[in-house]
Structure formats: structure tokens, C-alpha cells
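Colleague: Could you take a close look at a single part of this structure and walk me through how that part sits within the rest? I would like one connected account rather than a list.

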Amino acid sequence: MKLHGKICLGNWGIEMYESTEIIKIILNEFDSSNLDYAIIRNYGFLSDDNEQVGKDVDIVIEEEKANEFGSILTSNGFFRQPISPHSSHSGFWKYLPEEKKLVKFHFHEGGISGNSIPYLKAKQVLERRRKMDSFYVISDEDLLINILFHSKLSGEKARYAPLVRELRKKRLDTSYVFNSIKDILGRELSKNMFHAYKELNFEKLDNLKPEIKKSLVMRNPFPVFRTLFLSSLWKIGRLIKPSPLVCFIGMDGSGKSTVTSNLSDVFKKNKLKSSLIYTGRGRNNLLPIQFFGRKYKAKEKKEETSEKRSNKSLKKKLIYSLAAPVFALDLYLRYLKDIFPKRIKDEIVIVDRYATDLLLMKNVNNKLRKVLYSIFPKPTMVFYLYNDPELLYQRKPGHPAGDLERQEKLFDMILPTLDNLNKIKSESEKQTLDDVSNLLFPKFLNH
């Protein structure tokens with residue numbers, strides 16, 4: 001039984017977050033398959049059922065076992081994260097609609113590293129690992145080394161300073177810690193680093209970080225530069241395949257603005273780079289469309305009764321047809337200015353309305369509308385939100401009578417021409433977001 005994103009286990013009434021339960025199941029499968037692993041840090045949620053899973057679960061594994069770990073995750077519905085295949089890291093993720101959360105496993109293959117620089121080999125880490133409850137974590141000594149190398153310990157972002165203070169009080173094998181650091185950095189720099197740790201001088205430790213990084217690079221020049229070079233090529237290659245463009249269309253009142261805002265919040269919660277952009281014809285124009293549009297509308301209203309109906313209709317069609325390419329140009333300029341730069345920076349772009357607005361224009365020839373629409377980049381996914389016009393009029397009081405029926409007929413005509421289309425009947429805010437998420441995340445994660 002699920003309770004607000006938690007799972008109630010049996011008759012004991014124990015509540016556990018679904019994400020925690022899934023991670024425990026995966027870890028048990030690692031053990032059943034005789035795969036050695038050690039969680040690096042941030043594993044408190046596995047012992048405290050009231051604590052939520054953090055950003056991801058960092059785990060050190062042997063490089064030659066990476067495929068076996070990956071097979072277990074993919075068989076449990078996880079997708080591989082787009083991490084450079086030339087780095088020593090790999091990742092897997094899965095979306096849980098109930099918690100609106102991504103569960104992520106991040107593997108350090110062959111040892112613990114940071115910024116493409118290895119500083120603790122997997123063999124020594126796994127030999128010293130310790131068991132907590134039913135899972136394995138790295139030793140306190142390796143945890144200390146990891147924090148000293150990899151974490152900021154002074155200032156506002158000093159998350160791990162309290163943990164270092166706690167480790168300082170324990171009876172650690174300090175000779176192992178010092179000798180491990182010395183093997184990585186050499187004697188003099190290790191002495192300075194270890195002395196600052198013993199004094200809990202976090203500012204000095206942070207000031208040593210540039211020197212530590214330089215020493216790591218100088219001692220491992222070929223593997224470091226090889227990894228950085230190949231990973232850079234991989235990133236450049238990804239620019240050819242822009243990040244997803246998710247488009248929401250539908251009749252007025254169908255819930256586009258609400259679901260796009262909620263979806264944007266889900267991305268922010270999971271620390272995914274994303275942008276929400278409104279691309280309708282009536283706002284944020286780059287060309288002075290609204291200025292001239294308002295003037296023409298006012299003039300049109302005055303002339304409504306002064307001309308014969310046939311002449312008025314012909315004139316209106318001509319003016320609207322001449323204006324349609326201007327609307328299209330304005331929208332394309334907004335795509336180049338606001339959307340494309342974000343897509344090549346690996347941001348997911350969510351758009352409320354899109355070039356499909358061109359297909360809905362009144363008094364414009366259908367062939368012209370299709371030609372204008374065809375020049376725009378096709379979205380990765382299109383979500384069409386709909387409901388009965390009678391209900392939508394209740395959501396949009398004061399909306400012109402008959403206009404929603406007109407929109408519905410137009411959408412019925414254009415939907416068969418759209419690629420990557422998903423239809424969702426928007427009954428409630430939660431249901432709509434859940435339906436969108438269940439369709440979008442598998443596609444996005446696989447992308």
C-alpha cells in the first residue's frame with residue numbers, strides 16, 4: 001500500500017519511501033549475484049526510513065564488473081545516463097511518479113575519482129569496506145580521504161565539515177590515511193594536508209585544493225589528458241543531437257500552462273537543467289506584431305458594418321494571409337534566440353504552445369499554414385491536452401461562444417499530421433501531470 005510516496009510494509013506498519021525500497025532491492029540483487037560494491041557516502045536513508053534518497057547513490061565497483069551491475073539495473077527498469085563512455089563513471093536512473101523523483105545510481109568504475117582524476121583504487125576500497133545493516137559502505141578511512149580530496153570544507157557549501165569533525169574523533173587508522181595520501185600526492189604535500197586535517201583547519205585544506213589537483217595531474221598526465229580529450233570530443237558530438245524539446249498544445253482551458261509549470265517544478269526538484277518558455281503568438285514577440293495588430297483590430301471593428309460581407313471577408317483573408325508569414329518569422333526568431341541555445345547547452349526545453357499555433361490561425365489558407373509550420377524543428381514529444389468544450393468553457397468563463405468548438409475541429413484536422421504525438425484528457429491537475437510524466441520520462445531518460 002502506498003502512502004504519499006511511501007510504502008507500508010506488511011502488518012508491522014513500517015513506512016518506507018518507494019525510492020529507498022527500490023535501492024534496497026537493487027543492493028540485495030548485487031549481493032545475490034556476488035558483486036562486490038561499496039557506497040561512498042550519503043547512505044543515511046538506508047538506515048533511517050524517514051530520510052529521503054539524495055541526488056544519487058555513489059558506488060565504487062571493479063571496472064570489469066560494470067556490465068553485470070548495469071544488467072541488474074536495466075532489468076529493473078533503469079535507463080543508462082548520458083555520461084561520457086571515456087570517463088571512469090557510469091550512471092543509471094529511473095523515474096518514480098509517486099514521489100516525482102529520479103532514483104540514480106552513479107558508479108565509480110575501477111576506483112574513486114573526481115574531475116577525471118583517480119585517487120583511490122577499487123581493489124583497496126573493496127578490501128576495506130564495511131557492512132552496515134544489509135549493505136556495504138567504504139571504510140571510515142577511505143571516506144575521510146574521499147572528503148579531503150573531493151569536497152569543499154569551508155564557506156556556505158561546506159556540507160561535509162561536520163562529518164570530518166566526527167571522523168576526527170574516531171580511532172582511525174591514521175597511518176593508512178597518511179600513506180594513502182602520500183602515495184597519491186607525495187610526502188611534502190601530504191604532510192601539509194594531513195596537518196591541516198588534524199588541526200581541523202578547513203580553510204587551509206580548501207586552499208590546498210589547486211595544488212592537490214595539479215599534483216594529481218602531474219602524476220597521472222596521460223590517463224587524465226586522454227580522458228579529458230575524448231570526453232570533450234564526446235560532448236561536442238552531443239551538440240549534433242540537441243536536448244529534448246517538449247511541446248504542449250491544446251484548446252484554451254485544457255491545462256497547458258498548469259502542467260508545464262508543474263513539470264518544470266519536477267525537473268527543478270530533480271536538479272535537471274530545463275527551461276519553460278511560452279511560445280504562443282500573443283506574447284513575447286520580437287517583431288512589433290502587437291502594436292500593428294491592435295491598430296488593425298480596432299480599424300476592423302469600425303469597418304464591420306460599413307462594407308458588404310463578401311468584400312469584408314475577402315479583404316480579411318488577404319490581410320491575415322499576408323500577416324501569417326510575419327507571425328511565423330517572429331516565432332522562428334524566438335526559437336533561434338530562446339530555444340535553440342538552450343537545447344545545445346543540454347537543457348530540456350518545455351514549451352507552452354508552439355508552431356502548431358500557425359495551424360490554428362483564422363482566415364488563412366490551409367496550405368499556407370502547413371508550409372509555414374513545416375519550416376520549424378519538430379519537437380521530441382508533443383502532448384495534446386483536451387477535454388469536452390462544455391467543461392473548458394467553465395474553466396474559461398467569458399471565452400467567445402463557439403470558439404472552442406472551432407479549435408477542436410482544427411485540432412482534429414492537424415493532429416494526424418504531427419509526429420511524436422501523445423493525447424491526454426486533462427481531468428485534474430494531478431492526473432494530468434502523472435500521465436505526462438509516465439509518458440515523458442521513459443522517452444527522456446532513453447534519449
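Modeller: I will take helix α6, in which Tyr176, Val177, Phe178, Ser180, Ile181, Ile184 and Leu185 are buried. Please keep in mind that this is a predicted model. The cover over those buried residues of α6 includes the strand β10 (117-121), together with the helices α3 (122-128), α4 (140-150), α7 (187-198) and α9 (209-219).

As for its length, α6 runs over residues 174-185, and because each residue should add 1.5 Å, its 12 residues are expected to span 16 Å, which agrees with the 16 Å between its end C-alpha atoms. Just after α6 comes Gly186, whose phi is positive, at about 95 degrees.

One residue that shows how α6 meets its surroundings is Phe149: leaving aside residues up to four places away in sequence, Phe149 touches Ile181, Ile184 and Leu185, and also Tyr119, Met193, Lys209, Ile212 and Leu216. Phe149 also belongs to the largest nonpolar core, of 69 residues, where Phe149 is listed with Leu27, Phe30, Tyr37, Ile39, Ile59 and Phe105 as touching the most other members. Apart from that core lies another, of 32 residues, among them Tyr335, Val349, Val351 and Leu358.

To set α6 in the whole protein, there are 18 helices and 17 strands, and 46% of the 447 residues count as buried. Of the contacts with a separation of 6 or more, 69% are between residues 24 or more positions apart, while the protein exposes about 23600 Å², with carbon and sulfur atoms supplying 53% of that area.

Notes. Residues numbered from 1 in each chain as written. Predicted model: local features only at pLDDT ≥ 70, side-chain atom pairs only at ≥ 80, totals over all residues. Heavy atoms only, no water. Core = buried A, V, L, I, M, F, W, Y, C linked by side-chain atoms within 4.5 Å. Buried < 20%, exposed > 50% of the residue type's maximum accessible area, 1.4 Å probe, protein only. Contact = heavy atoms within 4.5 Å. Helix = DSSP H or I, 4+ residues; strand = E, 2+ residues; numbered from the N terminus. Areas by Shrake-Rupley, 256 points an atom, 1.4 Å probe, with all protein chains shown as cover. Expected span 1.5 Å × (residues − 1).
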